[in-house]
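Colleague: Hi! Could you walk me through this one, a helix at a time?

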Amino acid sequence: MIYFLIYLFLEVSLTVEIASRIGGLATFLEIVFSAFLGIFILMNFRHTLAENIYALRMRQIDMEGFSQRNMMGLFGAILLIVPGFLSDLIGIVLQFSLFSSLIINRFTRKYQPPTQPKDDNVIDAEIIRDTPSLR
């Protein structure tokens, strides 16, 4: 709750400061433009999702990268729709996968499954039969 109040205070302070410098009409146009940009990103999200599913299927990204790309892009588009300069700035930054991966890595724990101890006496091998049916 305290983080929301800090965000709200910063959002209002920054919006009032910028709006007093650029004027009411420019502020209105920025709010409308960023809302249309957020709606455009949401409408084209299915294409981004399809590209990320293809990259996941081709093993170019892992499941964590897949969820990071999709969730941060979606959250950034929603922040672009919300009026305010700080939310627009955060929404634009979240559209770039580099910044969103840095944010995700900062606030999430790294999970590593437990590994089995290796047995040095085991030799991994593949047995291939030399039969005509396999050629």
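Modeller: Happy to! Keep in mind that this is a predicted model. Let's start with what packs over helix α2: the cover of its buried residues includes α1, α3, α4 and α5, the last spanning 85-94.

Colleague: Which residues of α2 are buried?

Modeller: Buried here means under 20% relative accessible area. In α2 that description fits Thr 27, Ser 34, Ala 35, Gly 38 and Ile 41. Seen down the axis of α2, these buried residues fall within an arc of 125°, so what they line is one face of the helix.

Colleague: And which exposed residues sit on the face of α2 turned away from its buried side?

Modeller: To count as exposed, a residue needs over 50% relative accessible area. On that face of α2 you will find Leu 25, Phe 28, Phe 33, Phe 36, Phe 40 and Met 43.

Colleague: Let me pick Thr 27 in helix α2. Is Thr 27 buried or exposed?

Modeller: Its relative accessibility is 8%, and the cut-off for buried is under 20%. Leaving aside neighbours within four places in sequence, Thr 27 is in contact with Ala 19, Ile 22 and Phe 85. By its accessibility, Thr 27 counts as buried.

Colleague: What about Ile 18 in helix α1: how does its relative accessibility class it?

Modeller: Ile 18 belongs to α1, residues 2-22. Partly exposed lies between the two cut-offs, under 20% for buried and over 50% for exposed. At 26% relative accessibility, Ile 18 counts as partly exposed.

Colleague: What separation do the C-alpha atoms of Ile 18 and Gly 84 have?

Modeller: Along the chain, Ile 18 and Gly 84 are 66 residues apart. In space, their C-alpha atoms are separated by 10.0 Å.

Colleague: Now for α3. How far does it reach from its first C-alpha to its last?

Modeller: Helix α3 covers residues 45-57, which is 13 residues. At 1.5 Å a residue, the expected reach is 18 Å, and the model comes close to that. From first C-alpha to last, α3 reaches 18 Å.

Colleague: Within what arc do the buried residues of α3 fall?

Modeller: The buried residues in α3 are Phe 45, Asn 52 and Ala 55. They line one face of the helix, because seen down the axis of α3 they fall within an arc of 85°.

Colleague: Last one: which residue with a positive phi follows α3?

Modeller: On the face of α3 turned away from its buried side are the exposed Arg 46 and Arg 57. After the helix comes a residue with phi near 60°, and that is Arg 59.

How values were computed:
Residues are numbered from 1 along each chain as its sequence is written. This is a predicted model: local features need pLDDT of at least 70, side-chain atom pairs count only at pLDDT 80 or more; totals for chains, interfaces and linings use all residues. Side-chain values use heavy atoms; hydrogens and water are left out. Helices (H or I, at least four residues) and strands (E, at least two) are DSSP runs, numbered from the N terminus. The expected span of a helix is 1.5 Å times one less than its number of residues. Buried means under 20% relative accessible area, exposed over 50%, partly exposed in between (1.4 Å probe, protein chains only). The arc is that of the directions from the helix axis to the C-beta atoms. Contact means heavy atoms within 4.5 Å.
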